[in-house]
Structures are given as C-alpha cells and as structure tokens.
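Let's take a walk through this one together. Have the sequence and the 3D view side by side as you read.

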Amino acid sequence: MGTLLKEAAIPGTLDGTPLEVLEEMSPEEQFSWALRVYGDRAGIITSFQDTGCAMIDLMRQAAPGMRVLTIDTLRLAEESYRHIKHVEARYGITVERFQPNPERLARMVTQHGEFLFFDSKPKQEHCCSVRKVEPNERALASLDVWFTGLRRDQSAFRATTKRAQWVERSGRHILKLAPLAAWSAEEVRTYMAANNVPLHPLYAQGYTSIGCVICTTPTRPQEATRAGRWRWFNHLDQDSKECGIHISGSGI
Ligand code: SF4
C-alpha cells in the first residue's frame, strides 16, 4: 500500500515525455527540452569541475538562457572563485550563488570551531549539511529540473547513475538529469579541448576532484578520483566520499 501511494505521488513531466525517452536523449536534446518545457524552473547546479563546465558549453549551444547555479560554501579555493568568474565571462552568464545560512553557520562555528570536519565523520557531515546541503536544498526549491554533472566512472557509488530520474526533496519530486553520466573522463576532456572550454586550474596541480580547501587534496596516479576528498577518512567506505547533496532524498 505504501509503495502504491508513493508511486501515485510521482508527477509526470509537464509535456508528458516519459523518463525512458529522456534517458535516451542526447545532452543537447535534454537541455533544449528542459528549457522549452520548464523555462526558468530548469537549471544546472555545478561546482565548475570538468563535467560541469562541459555541460555549460553544451547548454549554451542547445539552450542558451538556462540558469546556472552553484553552492558557495565560503570555503572554496581562491582558484575556484576566479574560475567561476572566468566561466561567467567566457559564456556571458551570471551564475547564481547559494551560500550557507549565516545564523546556522555562526552557530556551528561557535559550537564546534571552523575545522570541525577533522574531529569525526558526523561533524564533517554536519559541516557539509550547513555549508552545502542546506544551500543546495534552497537552490533546488527554485527548480523542477536539476541538471547535475554526475558521471558513472567517478566512483562505485555513482556507477549506477541514471541519466533521468525523479528524486524526492523536501517532500516533492524533482526531475534529476545527468546528461553526461555515460561519458568517460577522457571523453569529457576531449570535448573540452575541442571546444576550448575553461578547465579548473587546480587540475593542473594534481587534483582530480575539487571541493572546499583542506577537505580536498591532490590525488596520486593510482588513487580513485575522489580519494583526495576528506583524505583522513580514506579508511572508510566509498559512501564516505559523498557530502550528502546526492544521497539525501530517495531516487525513484
Ligand atoms: S567539504 Fe569540508 S569545509 Fe566543505 S562543507 Fe564539507 S566538511 Fe565543510
């Protein structure tokens, strides 16, 4: 009974396009469809790593005018802040920045200190909740279609990423599209080089995944892509490398 109720609550897309059709669309077709059907309720949320920048380039060709949003944890690297401005200038876009709630942030730092993420996994998750997940939920509240740069080759956790799925957030369903989910890292870089897409400068310093300062470090050649995230937790399982943005709420 519970399952039936849950399934009944899942909405259809506004023009009736089924998930199976969205799953098979090219990235350009997904962007174009989403802008046409959902307008400013569709947007890319990105941290401006390689896949995110490739998505922006594809979007600018197929669906110019689509919103681009980012989560500014206030602990990003200086290189990241400069890179975002560079991308804005390159594509003539204004990125919408979502930052932590000031009261929640001040309370957390007063209670636990600025570097609580070193203390324990729960405290790191609390920091990510305040600095990333809550601002991300606020960004999602303005969207019905969420484009993400998740790729299946990024980690075991992401290996089953669908190109189109409904996810539940704050009691409602959002259409989550991962247009480049099936692309390899090499395909992304080849596309970027061919189209002169700006590449985050920290990749040249050995980073393979880029987030907040301290919590992100360069990786060695034999390491997993996200091994440089919270390096002091590398003895834990793969899921420990997710900050919560992609695991809170259920995928359907
Ligand atoms: S990555 Fe680190 S600094 Fe950034 S929100 Fe998570 S725990 Fe906090």
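Which residues in H3 meet which residues in H4? On the H3 side they are Pro27, Glu28, Phe31 and Ser32, and across from them in H4 sit Leu58, Met59, Gln61 and Ala62. Sorted by character, the residues of this contact come out as 5 nonpolar, 2 polar and 1 charged. Keep in mind that you're looking at a predicted model.

Now for how the two helices are set against each other. The axes of H3 and H4 come within 9 Å, crossing at roughly 60 degrees. Angles of 65 to 115 degrees would count as roughly perpendicular, so this pair is classed as oblique instead. The crossing of H3 past H4 is right-handed.

Next, pick out Met59 in H4. Setting aside neighbours within four places in sequence, Met59 is in contact with Phe31, Ile44 and Met66. Met59 also belongs to the largest nonpolar core, a set of 39 residues, and is one of those with the most contacts inside it, along with Ala34, Ile44, Met55, Val145, Trp146 and Leu177. Plenty of elements chip in two or more residues to that core, including helices H3, H5 and H7 and strands E1, E2, E4 and E6. H4 gives the most, with 6 residues. Apart from this core lies another, of 10 residues, with Leu76, Met108, Cys215 and Trp230 among them.

Last stop: helix H6, residues 102-112. Just 1 of its 11 residues is buried, so H6 lies largely in the open. Right after H6 comes Gly113, which has a positive phi, near 90 degrees.

Note on methods:
Residues are numbered from 1 along each chain as its sequence is written. This is a predicted model: local features need pLDDT of at least 70, side-chain atom pairs count only at pLDDT 80 or more; totals for chains, interfaces and linings use all residues. A residue is buried if 20 or more other C-beta atoms lie within 10 Å of its own, exposed if 12 or fewer, and partly exposed in between; C-beta atoms are placed from the backbone. Helices (H or I, at least four residues) and strands (E, at least two) are DSSP runs, numbered from the N terminus. A nonpolar core is a set of buried Ala, Val, Leu, Ile, Met, Phe, Trp, Tyr and Cys residues joined through C-beta atoms within 7 Å. Two residues are in contact if their C-beta atoms, placed from the backbone, lie within 7 Å. Axes are lines fitted to C-alpha atoms, for helices over the stretch in contact, and angles run from 0 to 180 degrees between N-to-C directions. Angles under 35 degrees count as roughly parallel, over 145 as roughly antiparallel, 65 to 115 as roughly perpendicular and the rest as oblique. A crossing is left-handed if the near helix is turned anticlockwise from the far one by less than a right angle, and right-handed if clockwise. Ala, Val, Leu, Ile, Met, Phe, Trp, Tyr, Cys and Pro count as nonpolar, Asp, Glu, Lys and Arg as charged, and the others, Gly among them, as polar.
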